[in-house]
Every structure is written in C-alpha cells, then in structure tokens.
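Here is a short briefing on how two chains meet. Keep the structure in view as you read.

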Amino acid sequence: MWLVLCSSSDPSGLWVYEGLRQMGIAPVELVLAEWLAYGSQWEHRLDTNGTHLKITLQDGRVLCSSRIRGAINRLMAPSPGIAERAAASDKEYAQAELQAFYLSWLHGLPGVVINRPSAIGLCGSWLHPSEWVLRADRAGLPTPVFRQSGHDSPEKGYRSLAPDGAAILRLITFGGEVFGGQVPETTSRACVRLAREAKTEMLGVELYLAGNGEWTFANATPCPDLSAGGKPLLESLAHILTAGGRP
Amino acid sequence: MILVCGIPSETPLRMVISRLEEMGAPFVVFNQRHFANCEMRFEVNGQEVSGELRIGERAYNLQEFVGVYPRMMDDRSLPELSNEPPDSNLRNYCRSLHETLTRWMEIAPARVINRCAPMASNSSKPYQSQLIREHGFLIPEILITTNPELVRGFRARHGRVIYKSISAVRSIVQELTDEDEERLDRIRWCPTQFQQFVEGTNLRVHTIGNEVFATAVRSEATDYRYAARQSGEPAELREVTLSDELTEQCLRLAHALGLEFAGIDLKVTPDNEVYCFEVNPCPGYSYYEANTGQEISAAVARALVSGTGSKKEEVGALAHA
C-alpha cells in the first residue's frame, strides 16, 4: 500500500490522493494528521536489525510497515491533539515528545517516501532563507542579497525575498524535472541542482522576475502547493512510487 | 578571533574560556545575560557572509571569527526577562538577537562547535538510533507504543526494561517496575519509549575534531548521571583507551552526523559487544574532565583556534572498559 500523509487543511495532499486513486494506483490510503492524533494505537519498534511500524487507526484500518510500499509525506507537525490535553506545564514537553516520535517513525517508513523527514523538518528540511540563498547561489540561481539584524522580528527572516509587486513563479522540482511553469533551461537545471543539494526529493522553488529580466530566487519549501504541477506531476509521482516501491 | 556564546559562569563554557586564556588566543564572550547591550546584523551576498556583532562598546567584523563555541541556554528563560510580559520589547529584542546570531552561525564560514542543524538529530532519540545503526553500531531494542499489553510483553521478554523521553527534553532514565506496570494504562494517551536494559560498562566517548577521549563509568544506577540519588553511591569514572577500530567508528559516526564535538554514549557488554545509545551534540563534558583529568576543554579550545580540522592523535590499542 501507499500512504498519503497530510492534514485535512492541506488541499495539495488531498489533490494528490484523489489524483493517484483516479490513476488506478491501489491501494492508496489517505492518512490525515488529525486521524493519527486521535484514537490511533501505535507500535513502533527498532533494533539492530530493522524498524517496524504498526498504526491502528480509529476506523479500524491497520497500517503496517510490512505492507507499506511508499508514501507522500506532507506532515509538517503532529496534530496537537494530545499535547493540547496535557497540563499547562507539560504542553511543551508533550509536543516535543510527539515531534520526536513522528520523526522516528517517518524516517523508518519503507519504500519510496516523498519527502523523507529530516531532523529539521518532518516532510523535508525547512531551511532558513539565509541558508537557501547561499545554496541557491551555489546551484546557479540568481539571488538577492539577504539581510537580517537583531532589530528584525524573527518572522521577517522567513518571508519570501520577492519584492512587493514582482511577478512570481512557483515551481516544483521532482525526480530531476521541473513542474508548474516555463522557465529558461538554465533556471530549471539550477532548481533541480538546488533540490539535489538540499537532499530534498520534492522541492518548491519560488522565483520572481527581477528588473533585469532574470528569474531570481525568492524562497524554497519542502511542502509546495502541488496542484500547479497538474497531471504531469501526478504521472511522475505515480511512476516513481510504483517503480521504486517494493515488488 | 574566537566567539564564545552562553553564560560564562556555566562550567563547560568557563573551562573553555580558561583554556583559551591559557593559550593566549584572542576571544570574545557573548554573554546572553548582557543581550540588551549587544547588536548584530549579517548579510548573504552570493557566497559571501558578512556583518557585525557589537558587544558593549566594541564592534566585531563577523568575518574575523574563525571559531565559534555556542553553548546557550533557552533565551526565553534568561533571568533578565523573568519580569517581562510575554510580548515586551525587551523580550522580543532578546529573541530576535538570538535568532540572528543562530542563523548566522548556521552559515558562518567559521568552525562552529556545533551548528544547530546537525545537533537536531538528537531531538529524537529513536530517530538518532536509526542513524547510529546505519554506522555499524548495535542499538538496544526499543518499543514506542500506546499499548500497555505490548509493554508487558516487552518486559517479559527482556526482563529488565527502562523508559525515558523520546525527545531531547532531559529525563531521568528509570527502570520499569511492577509498580509502574500498574499505571501503564496512562500510556494510551501518549506514545512512550521503552528500551531493553543492556548489561555492561558505560563508556562516554567525547570526540572533538579527530581527538577522542574515552571514559568508563562504573555505577549501579540505571542513569549514572544521578547515581548518588538512584543507588546511594556516586559513579566512578576512569580514563580508558579504545581500540583503533572503535575509535575510528566513533569518529566516523560523529563526522557523519556533522558534529565537531560529540559525546557518544556506549555500553560494552560482558561479551565485548558495543551498543550505542545516543550521541549528545552539546556534551556537558566538564563532569568527565573533573573526574578523570582528561583535557577535553583544551581540545575544544584547540579546535576553535585551528578554525579547520584538528590533528588526529594516536589513541591506544585495545577496546577495554
């Protein structure tokens, strides 16, 4: 079986699930973050020889690692259900425990996982724009100057680097291809290099059209809006999931 | 120039500062408690990372720093903020300054011991165990579950089982007792981590660059850090020498995790099997140095001064705890 892991408020995750089903990929199971948080039973084992996972959802479905061939992973954080019920003094601890637990079982999923979690993001590496700018420049994308000071709010540092009013293009790189828009080949190759360098199978790259006419790096995310990729992206996903999964 | 960040009276930080002084190395301390008197800005232009850190009256060009030793406490808990309302200007400035410093450290072309991203593998112990396993170490059997029956079965199979936090939030490792079994129903609310108890001798291996310091710990306690409380006797620590093979394995693991400085927790069984439990990315090494005389702080200081990799030192012959 293949899993689509996302939250109920993630239209891209739901779109991928429906798209894969319509393409005849089966069995594909939609697993919402909220379902994992409420009433599910967990068994996650590891030892020197391997990792095992068994999740029994409240509706009776059993997700067992021995049957999982791959997953589309768009979980950004555990649903706060349990942590919200914790005593005020334990809330932060409970959330840290859940985050740590999710990182472990997601890492242990067998087959093709798009994206695998990293220590700095459950659905891939969430890097700070300052680090993305360095990497994008190394990958060959034009980049703006990034500036941060102790007088800026921390949130400001995470915003897109596109100037107000600039034309924006949001691309998706996956499997060595670029989906979601037309850009010069040098730009699309640089986007693919950026994803590879970030070890992120599926990467959303936001570009803006600079005054000199060049598509310039604005931001990147391991959890992009997928619908812009349309049918070609779905076909590529289906191909990699089925070809890379266990026979 | 070396940048040391944290609370200077904190023992591990104080010891590195002392070693830097003895070496005559130029360094500056960013004392978190004096944050209100500091400013920082940086920029990334292509591959160039530049900027300025002002501490008191003195400004430092960020490109001067060849080594950085951050050992910072959670800035939200600084005593200077204890009476500040949640959204006060001072509290917000403190957060923003620390965020700026941290972001710069992630990309600074200096030797940072350690950067945040590689340290994050320790934010999930079972995740890190899977990485450790990929580098050839044995790991203990672990069960994380919400099902009390599975825990009873796990205990019946292993005899002795411990439980501890999954995350990096510090917890005292405890052995699962009959009394604990009676309240196992509580785990239905939150997945909880249980681990096979492994008999043997605890080894803490500090790696810094290519230097290795191994310490054997003899204690009857489940968690030797709390030996006096748990067993009534303090732990006994002594320096030991690792085999070349185990030394290389530890260095490879630390390097693979991207850690310049690591505290690797091993256990050597009576059958001479080596289990790895955890890699601490911010080791409180001073406890080991104080009890054995191992010069770990000096190695940290040397690594900071060298800016790039430290020299590999010959370590001894046989793995023996």
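Two strands count as paired if DSSP finds at least two bridges between them. F146(A) stands opposite V44(B) in β3(B). The model is predicted.

**Strands across the chains**
- Strand β8 of chain A (residues 146-149) is joined to β3(B) by 4 bridges.
- These two strands run antiparallel.

**The contact between chains**
- Chain B puts 47 residues into the contact, and chain A puts in 42 residues.
- On the side of chain B that touches chain A, β3 (38-45), α2, α4 and β8 (142-145) of chain B each supply at least two residues.
- α2(B) gives the largest share of that side, 10 residues.
- By class, that side has 21 nonpolar, 16 polar and 10 charged residues.

**Two helices that cross**
- Helix α4 of chain A (residues 91-107) and helix α4 of chain B (residues 125-134) have axes that come within 7 Å.
- The axes cross at roughly 35°.
- A100(A), L103(A), S104(A) and H107(A) meet K125(B), P126(B), Y127(B) and Q130(B) there.
- This helix contact has 4 nonpolar, 3 polar and 1 charged residues.

**Helix α2 of chain B**
- Its 19 residues (89-107) should span 27 Å at 1.5 Å a residue, and the end C-alpha atoms are 27 Å apart, which agrees.
- Buried residues in α2(B) include C94(B), L97(B), L101(B) and W104(B).

**The largest nonpolar core**
- This core has 157 residues.
- Among the members that touch the most others are V4(A), L194(A) and I264(B).
- α4(A) gives the most to this core, with 8 residues.
- Leaving out residues up to four places away in sequence, I264(B) touches seven residues, including V205(B), L253(B) and V279(B).

Methods
Residues numbered from 1 in each chain as written. Chains lettered and ligands numbered in written order. Predicted model: local features only at pLDDT ≥ 70, side-chain atom pairs only at ≥ 80, totals over all residues. Expected span 1.5 Å × (residues − 1). Buried ≥ 20, exposed ≤ 12 C-beta atoms within 10 Å, placed from the backbone. Axes fitted to C-alpha atoms, helices over the stretch in contact; angles between N-to-C directions. Contact = placed C-beta atoms within 7 Å. Nonpolar A, V, L, I, M, F, W, Y, C, P; charged D, E, K, R; others polar. Core = buried A, V, L, I, M, F, W, Y, C linked by C-beta atoms within 7 Å.
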